[in-house]
Amino acid sequence: MASWEHQTAGHAAVWEAINAGARRIVVTAPTGAGKSVTGYRLAKGLCSVGKTDNKPDRFVVIDTQAGQATKYIKTDFGDGPLDFDVINITEPFDPRKLNRALELIIAKGEHQVAIIDTASTFHN
């Protein structure tokens, strides 16, 4: 699946920010614009930066969208199939749940990249 022009421009801007040292990226766009797929593809690319082993490129998605992330597992958008783990968070969307999920990810040490899809559910 080819990226739309706005996605290609977004990918370039994110990689520019990462190369400049950014470690936290927020992707915003209207519903259906491709935020999830863009984030997942970028996460996959980030997993392989500086990689020296033969382990699969895996990242983790914190999913607040009722399991929507799972529909993209093993999907190939032209750069190889996505392979990632999912942590589902359900209502009520208390920011402490997000903190606990991030602490768990860090403690396990199995993922270089975490995606929060969608962080806006945690606003109060």
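The second largest pocket of this predicted model has a volume of about 290 Å³. Its lining is made by 16 residues, and the closest to its centre are Gly-32, Lys-35, Ser-36, Tyr-72 and Asp-117. Helix H2 gives the most to this lining, with 4 residues. By class, the lining of the second largest pocket holds 5 nonpolar, 7 polar and 4 charged residues.

The largest pocket comes next. Its volume is about 1,100 Å³. A total of 31 residues line the largest pocket. Nearest its centre lie Arg-24, Ile-25, Ala-114, Ile-115 and Ile-116. By class, the lining of the largest pocket splits into 21 nonpolar, 6 polar and 4 charged residues.

Which elements supply at least two residues each to the lining of the largest pocket? They are helix H1 (5-19), helix H2 (35-48), helix H3 (95-108) and strand S3 (114-117). H2 gives the most, with 7 residues.

The table sets out the two pockets.

| Pocket | Volume | Lining residues | Given by H2 |
|---|---|---|---|
| Largest pocket | about 1,100 Å³ | 31 residues | 7 residues |
| Second largest pocket | about 290 Å³ | 16 residues | 4 residues |

Two residues deserve a closer look, one from a helix and one from a strand.

Thr-38 has its place in helix H2. Is Thr-38 buried or exposed? Its relative accessibility is 9%, so Thr-38 counts as buried, the cut-off being under 20%. What does Thr-38 touch, once its neighbours within four places in sequence are left aside? Thr-38 is in contact with Gln-7 and His-11.

Ile-116 is found in strand S3. This residue is also among those nearest the centre of the largest pocket. Ile-116 counts as partly exposed because its relative accessibility is 32%, and that class runs between 20% and 50%. Residues up to four places away in sequence are not counted in its contacts. Beyond them, Ile-116 touches Ile-62, Leu-98 and Phe-122.

How far is Ile-116 from Arg-41? Along the chain, Ile-116 and Arg-41 are 75 residues apart. In space, their C-alpha atoms are separated by 14 Å.

To recap, H2 gives the most to the lining of the largest pocket, and H2 also gives the most to the lining of the second largest pocket. Thr-38 of helix H2 is buried, whereas Ile-116 of strand S3 is partly exposed.

Note on methods
Residues numbered from 1 in each chain as written. Predicted model: local features only at pLDDT ≥ 70, side-chain atom pairs only at ≥ 80, totals over all residues. Heavy atoms only, no water. 1 Å grid on protein atoms, 1.4 Å probe; cavity = no way out; pocket = protein on both sides within 12 Å on 5 of 7 lines; lining within 4 Å. Points joined across faces, edges and corners; volume = space filled by probe spheres on them. Nonpolar A, V, L, I, M, F, W, Y, C, P; charged D, E, K, R; others polar. Buried < 20%, exposed > 50% of the residue type's maximum accessible area, 1.4 Å probe, protein only. Contact = heavy atoms within 4.5 Å.
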